Amino acid sequence: MATSDDSASEKTAINETCVGPESENAGTAASCAGCPNQTICASGVSLPDPAIGVIKDRLSNVKHKILVLSGKGGVGKSTFTTNLAFALSQDENCQVGALDVDICGPSLPKMVGVEGEQIHQSSAGWCPVYVSDNLAVMSIGFLMANQNDAVIWRGPKKNGMIKQFLKDVDWGDLDFLVIDTPPGTSDEHLSIVQYLKETDIDGAVIITTPQEVALQDVRKEINFCKKVKVPVIGVVENMASFVCPKCRHASAIFPPTSGGAEAMSRDMGVPFLGSIPLDPRIGSSCDFGESFLDQHQDSPAYTAYMNIVAAIKKSLA
């Protein structure tokens, strides 16, 4: 019978003296003792993965590579990834790819309306699934015979799957590759940063909600980006308020008891991209695999999304 990984690593205290995985002492410094990522850091430095060069060549025709990160689960990271991909693909001359590396909780196939599709192989590699002529998606969800099956894998197997996605998927020429990651700062995040380090990754968009319990994990995510030298494109505050569709009155569902994401971004020295209000139609659009941005342009959330997408494009120009 399959068993899940031990949850002790989730309870490990944050190592404030971490030297970072790019350091020559990564995995061997005194501060690395007891860290659940010690082995991967040590092996990554001492034995450079030959796949890094293959991945560099594979992604050489991708102009912009964007990570979507969150310190806390449930803040709407995959929802934002979905809508960012839909927004970028509104320009018919823009080729967009969305890569789902949340191995244990793949959401993108359902959210973009291609759940149940299958991956095909060609001489050039794995063919992503196309939502439209200019929006392609890849996810482990396409490899699962039963969508209700749990993916109960240890770190090395998950990292191997991420590596295969990066080196074997034939994206062709892309203007944007948006990468949806699991929450936290664990094996998957170290792996994707390591594999992409030679590809000139543009940076990360970090998603949070206003309350302090989410912000405290986002601060760790920002520090992770700084240590691994991934630029922070900016922070997005999701579910910032609820705007009544009748009277347009805004109510704070998650009160920002410590100043919210804007104040946190200012304190951490990273850009704040904007706030997105709650709209029940965002959730229903994801459930039905439809583009919220195409169907509900009357929503304040639509305006917020488009302003944030414009700010991301500007930062990459």
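In strand 8 (residues 203–208), I206 has L69 standing opposite, and that pair is a friendly place to start the tour. The model is a predicted one, in which local features need pLDDT of at least 70 and side-chain atom pairs count only at pLDDT 80 or more, while totals for chains, interfaces and linings use all residues. Residues are numbered from 1 along each chain as its sequence is written, and side-chain values use heavy atoms, with hydrogens and water left out.

Strand 1 and strand 8 run parallel and are joined by 4 bridges. Here two strands count as paired if DSSP finds at least two bridges between them; strands (E, at least two residues) and helices (H or I, at least four) are DSSP runs, numbered from the N terminus. With strand 9 (residues 232–237), strand 8 is again parallel, now through 5 bridges. Along this pairing A204 faces V232, and T208 stands opposite E237. From strand 8 the chain crosses through helix 8 to strand 9, a right-handed β-α-β crossover, meaning that with the strands pointing away from the viewer, the path from the first strand over the helix to the second runs clockwise.

Now step back to the whole sheet. It is open, has 8 strands in the order 5-6-2-7-1-8-9-12, and its pairing is mixed. Strand 5 (129–132) and strand 12 (272–275) are at the edges with a single partner strand each, so one side of each lacks a neighbour in the sheet. From one strand to the next, the twist averages 20 degrees.

What covers the sheet? Helix 8 packs on it, touching strand 1 (62–69), strand 8 and strand 9, and its direction makes about 170 degrees with that of strand 8. Helix 12 (residues 300–316) also packs on the sheet, with strand 1, strand 7 (174–180), strand 8, strand 9 and strand 12 in contact, where contact means heavy atoms within 4.5 Å. In strand 8, 6 of 6 residues are buried, that is, under 20% relative accessible area with a 1.4 Å probe and protein chains only. G203, V205 and I207 lie on one side, and A204, I206 and T208 on the other.

Finally, follow helix 8 (residues 212–227) to helix 9 (residues 260–268): their axes come within 11 Å and cross at roughly 35 degrees. Axes are lines fitted to C-alpha atoms, for helices over the stretch in contact, and angles run from 0 to 180 degrees between N-to-C directions. Among the residues that meet are L215 and I222 of helix 8 and M264 and M268 of helix 9.

Definitions and conventions
Buried means under 20% relative accessible area, exposed over 50%, partly exposed in between (1.4 Å probe, protein chains only).
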